[in-house]
2 protein chains.
Amino acid sequence: MNLRDLRYLLAAAEHGHFGRAAEACGISQPTLSVQIRKLEEELGIALFERSGRSMAPTEACLRLLGHVRAAVAEADAILAVARDMRDPLAGRFRLGIIPTLAPYLLPLVFAPLREALPALEIEPWEDQTAGLLARLRARELDAALLATEPDGADLLGRPLFDEPFLAALPPEHRLASRRIVAEEELAEDLLVLADGHCLRDQALAVCGHGGGAGGALRAASLSTLLNMVAAGYGTTLIPGLAAGAAQDAGLVLRPLATRAGRRVRIVWRARFPRQAAVEAIGEVIAGRLRGFAEGAAAGTI
Amino acid sequence: MNLRDLRYLLAAAEHGHFGRAAEACGISQPTLSVQIRKLEEELGIALFERSGRSMAPTEACLRLLGHVRAAVAEADAILAVARDMRDPLAGRFRLGIIPTLAPYLLPLVFAPLREALPALEIEPWEDQTAGLLARLRARELDAALLATEPDGADLLGRPLFDEPFLAALPPEHRLASRRIVAEEELAEDLLVLADGHCLRDQALAVCGHGGGAGGALRAASLSTLLNMVAAGYGTTLIPGLAAGAAQDAGLVLRPLATRAGRRVRIVWRARFPRQAAVEAIGEVIAGRLRGFAEGAAAGTI
DNA sequence: ATTAGGGATAGACATCGTCTATCGCCACAT
DNA sequence: ATGTGGCGATAGACGATGTCTATCCCTAAT
């Protein structure tokens, strides 16, 4: 049985006339007659009662028509829904974001994304890098915003912006009077995040593996970390986008001597079909953050 | 788009594996892959994300699946309903019956019909011969029980039984003492039905066009006619199956001298597809009425 | 009786679905 | 590093089938 045949059947039943039904279907009368005949043979029932001059649907045909209409309607729905979804810049898009980025980046880019890609329903998903990569590979995410390079050939990444690290100090800290802070000095009482945060590894890498006092104090979130620094437990290193939050917490921010930072990327599966959506999202975020690195570094003085 | 392709799509989405999906569909893996690919091109969207080692339905595919399942389910419903209706001895059957037959025949044949053809839902439709023929030709009836021969080559008829006419007399009537009544005598004060009843024409034909007293009294129904005879307004001629009702009304019944009667037929369109149902109904009625003519004639003495 | 309309039939042609065989890719194991 | 196996894609051949035009047959109406 074929959807085409069902359309022929509908036309024949509605027109009550094979010739006109065929015309409505854009085929010749013999074609429609033959297909209807085949359908009757396949179903094992007579669908039309033919007499020399006229034709009428049988009782059985009338009983089938409801299902036939429903099947054809569902087929049309498939075509319509597919047409709506043909635009890769539409529909749900699950975007992973690391926790040290999400709270500070999302407020900046949400409105521009909605404006530039109104049909795209972006669902943010916050998790650490390893979790995001796993979900990305499991196709539970469509893309992810990471601060590390993709770790395999099955994933692709596009840099969006560079985010400088800043030294975050309690106002009374001895380094707070410097205009620029050297990483080695910051390392003396550096507090870091808990395991799994890429920022933890990056902070330790930038400052050398000091982490004296803070060794035991592994904050679960950047927000916690900031409060701990504000309370005088030590210093830390924050990503530039968190500058506002750090200042709100009463911290003093200083550029680093080496201008170290991290490169934020959007990462996706190489085979992902909606690369256009990835491109568009990346473009909006990169555009919003363009020139951010310099501004952030300058604005902290 | 094709129902077959939709079944392939369903299998692929549910198995998450082209090879196993193809096996489930009873086709080879390349065939399924090619059809899925074509479907993707027709819909203009990617349905599956392929990677060297695995495959997964896209977001768009998942959104379509509901409609796909619905369409396939409707198609299956069409097949199932058709299978149920493949039996011509099942389903609704609209059977026309003339008014001088219906009230007396139906009680006799209803139970045998239900027993012999349990799946056939017989819908009786009572009307005069002309109305039944019109509805039959308009395909609003599937067959009709008539007491006349079909009036055209587009209709076929099969005789079911012969129904003798009986003279129906008030007990005090002068003819009531006879064992057999001659039609000419009956004609003297014969009451007949209203125009349109075939029995009216037949009674007049049998008795000659007398109809003296009854000329103005054209009863709309046989039941009315019986009551009028019982009230002494005249005599009448009734079909054998109405004997019981006539006796209940207190009438005396006598066979006619010429053993005149009418032949009851089942009539249907020559092109009607469910001839088997007509045959079966006719057989049940004929079987139930077999030997009725003799019995009725004998039983009235 | 003739004519026109409507459906059925026949035969040719092209499309398309399906198969087998093979390739290419990727992951995993030795 | 290298082989191996699983899985999907591709190629080419073959057969089924949907479609067309031309024609026939039947019926009803003039």
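**Domains, chain pairing and DNA contact in a predicted model**

In this predicted model, chain A is assigned three domains: domain 1 covers 3-85, domain 2 joins 91-161 with 262-299, and domain 3 covers 164-260. The account below begins inside chain A, then turns to the contact between chain A and chain B, and ends at DNA strand D.

Within chain A, consider how domain 2 and domain 3 meet. Taken over C-alpha atoms, the centres of domain 2 of chain A and domain 3 of chain A are 24 Å apart. Each of the two domains brings 18 residues to the contact. The size of an interface is often expressed as the accessible area that is lost when the parts come together. For domain 2 and domain 3 of chain A, this buried area is about 1,400 Å², and carbon and sulfur atoms give 69% of it. On the side of domain 2, the residues that lose the most area to domain 3 are A:Thr100, A:Tyr104 and A:Arg262, which together make up 45% of what that side buries.

What kinds of polar link join these two domains? There are 0 salt bridges between domain 2 and domain 3 of chain A, while 2 residue pairs are in polar contact across their interface. Two helices of chain A, α5 (102-116) and α12 (292-299), each supply at least two residues of the side of domain 2 that touches domain 3. Of these, α12(A) gives the most to that side, with 4 residues. By residue type, this side of domain 2 divides into 13 nonpolar, 4 polar and 1 charged.

The next contact is the one between the two protein chains. Chain A and chain B each contribute 43 residues to it. The area buried between chain A and chain B is about 3,800 Å², with 63% coming from carbon and sulfur atoms. Three residues of chain A, namely A:Glu49, A:Ile78 and A:Arg139, supply 18% of the area that chain A buries against chain B, more than any other three residues.

How many salt bridges cross the interface of chain A and chain B? The number found is 6. In one salt bridge, the side chains of A:Arg92 and B:Glu59 meet at 3.0 Å, N to O. The interface of chain A and chain B also has 8 residue pairs in polar contact. Several elements of chain A each supply at least two residues of the side that touches chain B, among them α1 (3-15), α3 (29-43), α4 (59-85) and the strand β3 (91-97). The largest share of this side, 16 residues, comes from α4(A). The side of chain A that touches chain B divides into 22 nonpolar, 8 polar and 13 charged residues.

Both chains also take part in the surface near DNA strand D. This strand is surrounded by 21 residues, and the closest are A:Ser28, A:Thr31, A:Lys38, B:Ser33 and B:Arg50. The elements that each supply at least two residues of this surface are α1 and α3 of chain A, together with α2 (18-25) and α3 (29-43) of chain B. The surface near DNA strand D consists of 5 nonpolar, 9 polar and 7 charged residues.

Which parts of DNA strand D lie within 4 Å of the protein? Of those atoms, 75% belong to sugar or phosphate, and the rest belong to bases. Individual residues illustrate the phosphate contacts. In chain A, an N or O atom in the side chain of A:Tyr8 is 3.0 Å from a phosphate oxygen of DNA strand D. In chain B, a polar side-chain atom of B:Arg50 lies 2.3 Å from a phosphate oxygen of the strand, whereas B:Gly19 uses a backbone N or O atom, 3.1 Å from a phosphate oxygen.

Conventions:
Residues numbered from 1 in each chain as written. Chains lettered and ligands numbered in written order. Predicted model: local features only at pLDDT ≥ 70, side-chain atom pairs only at ≥ 80, totals over all residues. Heavy atoms only, no water. Domains from an automatic or database assignment. Contact = heavy atoms within 4.5 Å. Buried area = accessible area lost by both parts, 1.4 Å probe. Salt bridge = Lys/Arg side-chain N within 4 Å of Asp/Glu carboxyl O. Polar contact = N/O pair within 3.5 Å; in protein donor to acceptor, adjacent residues only side chain to side chain. Nonpolar A, V, L, I, M, F, W, Y, C, P; charged D, E, K, R; others polar. Near = heavy atom within 4 Å.
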